[in-house]
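Me: I'm new to this structure and would like to know how its descriptions are justified. Could you walk me through it?

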Amino acid sequence: MTTHALQFTLEAVDDSAVMGQSFLAVDGTGEPAVAYVIGTAAGAAVRVARRQNGHWTHENTGGFPAGDDVRISLGFDSGGVPHIAYRDGDSGNAIFGTRRNDGWSLEAIPTQAGHIVRSAADVSMQIEPNLNDPPFADTPTVGYRDTFNGDSAAVARKIGGSWQISDVDAPSDARTGLSLAFDSSAGLRLAYFQGFDDGSPVIPQPLKLAQEEVSDAANPDPPTFVNDVIDPDMRAAESVSMARGLFSKALVAYSDVRTRTVRAWSGSLGSEPRIEVVAEGDDANGPRFPSAAGDPHQTLFIAYLDNGQVVLARRGTSGWTSQPVATGDGWPSLEFGKDGTAHLAYGTGTLMYARGTLSPG
């Protein structure tokens, strides 16, 4: 059987005091856009870069993130309108933003029962796929930790101009990562860690997976979720990423700073889920900050940072294999276009973009 490797071409996106994390999304035309953080005289700021007609444009959104430790989310609706979500640096609130004709419009998400704005953490957003399935088609959907309520996990959906809040899990005293993803049929999942990391190898910090229960589409009541522990052996979690848009599979990539490993939890219809070590190291420089994605053929990929290198891992018939992509020191963000092109953003101090296509290896 012929194996194939992704061949990457690299280009610089922005060198304006770019900080570590980024989030890449592909728009309806198959072009990449990246939300990221830059340093300014007023502090860290949220910026969005878009590649159109072979050129990059850059625009500050007017938002100031809480820090560089949790990814900003970026997504497009079916009309090509970009949206962002992140934690505000001043208030600690979950912020949702939309690009209007006259610039970015930002608003705080009312986390408490949809009426009161309280502080949030680990904000993760995706626009629900438009499958002609009202009332949720094209709905902004934001997962977060409600820090006012003991770090309970929750989901906010904006329907008809109002935010609808659903509880996902009970309070857990954790702020260690949450990732929200829709599959190809608009099924909603959240991956997150539960428990407080005190640096001890004894105290568990299990990885959990919550799935939305099927509800009556004609009834827009807040959805309900069921959740399960999928990796009980985690002890020092750092970050988590769930692949979006998969058809019959699920992929969660996450890092353990105690064992210096990147792990993958994957499941598919008709088979038992499995936990695998994708990469392991022996120092503080890696492997870290995984970004999970699947291509149109349902092949599973994870990009991660390892000792100053951006690395791409692929799940084949015999397990995970990795290939170096480029030198880098900022969080990578990976997504695939409908044509199978890989899009990867990462940092070197400059925001970089890598476009990958398949060719015989």
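Me: Happy to begin with the sheets. In what order do the four strands of the open sheet with strand 6 stand, and is the pairing parallel or antiparallel?

Reply: The order is 6-7-8-9, and the pairing is antiparallel. Strands here are DSSP runs of E with at least two residues, numbered from the N terminus, and two strands pair if DSSP finds at least two bridges between them. Please keep in mind that this is a predicted model, where local features need pLDDT of at least 70, side-chain atom pairs count only at pLDDT 80 or more, and totals for chains, interfaces and linings use all residues. Residues are numbered from 1 along each chain as its sequence is written, and side-chain values use heavy atoms, with hydrogens and water left out.

Me: What makes strand 6 and strand 9 edge strands?

Reply: Strand 6 (73–76) and strand 9 (103–108) each pair on one side only. From one strand to the next, the twist averages 20°; the axes behind such angles are lines fitted to C-alpha atoms, and angles run from 0 to 180 degrees between N-to-C directions.

Me: How do you know that strand 8 and strand 9 pair?

Reply: Six bridges join strand 8 (residues 94–100) to strand 9, and the two run antiparallel. The cut-off is at least two bridges, so six bridges qualify them as a pair. One of the matches is F96, whose bridge partner in strand 9 is E107.

Me: Which other strands form an open sheet of four?

Reply: That sheet has the order 18-19-20-21, with antiparallel pairing. Strand 18 (237–242) and strand 21 (274–280) stand at its edges with a single partner strand each, so one side of each has no neighbour in the sheet. Here the twist averages 20° from one strand to the next. Strand 20 (residues 261–268) pairs with strand 21 over six bridges in the antiparallel sense, and V262 stands opposite A279 of strand 21.

Me: Why is the pair of F96 and W163 called edge-to-face?

Reply: Rings of Phe, Tyr and Trp (its six-membered ring) pair if their centres lie within 6.5 Å; planes under 30 degrees apart count as stacked, over 60 as edge-to-face and the rest as tilted. The centres of F96 and W163 are 5.5 Å apart and their planes stand at 80°, so this pair is edge-to-face. F96 lies in strand 8 and W163 in strand 13 (residues 162–167), so the pair ties together parts that are 67 residues apart in sequence. A search of the whole structure finds five aromatic pairs.

Me: What makes F96 count as buried?

Reply: Buried means under 20% relative accessible area, exposed over 50%, and partly exposed in between, with a 1.4 Å probe and protein chains only. F96 has 2% relative accessibility, so F96 counts as buried. W163, with a relative accessible area of 9%, is buried as well.

Me: Why is the aromatic pair of F289 and W331 called stacked?

Reply: F289 and W331 are 4.1 Å apart centre to centre, with 20° between the planes, and planes under 30 degrees apart count as stacked. F289 lies in strand 22 (residues 288–294) and W331 in the loop between strand 25 (319–327) and strand 26 (333–336), so the pair ties together parts 42 residues apart in sequence. With a relative accessible area of 10%, F289 is buried. F289 also has a phi near 50°, a positive value in a residue other than glycine.

Me: How do you know that D88 has no salt bridge?

Reply: A salt bridge is a side-chain nitrogen of Lys or Arg within 4 Å of a carboxyl oxygen of Asp or Glu. For D88, which is buried, the nearest side chain of opposite charge is R87, 8.3 Å away. Charge here means Lys and Arg as positive and Asp and Glu as negative, while His and the chain ends are not counted. D88 is found in the loop between strand 7 (82–87) and strand 8.

Me: Why is N307 called partly exposed?

Reply: N307 has 47% relative accessibility, so N307 counts as partly exposed. N307 sits in the loop between strand 23 (300–306) and strand 24 (309–316), and its phi is near 50°, a positive value in a residue other than glycine.
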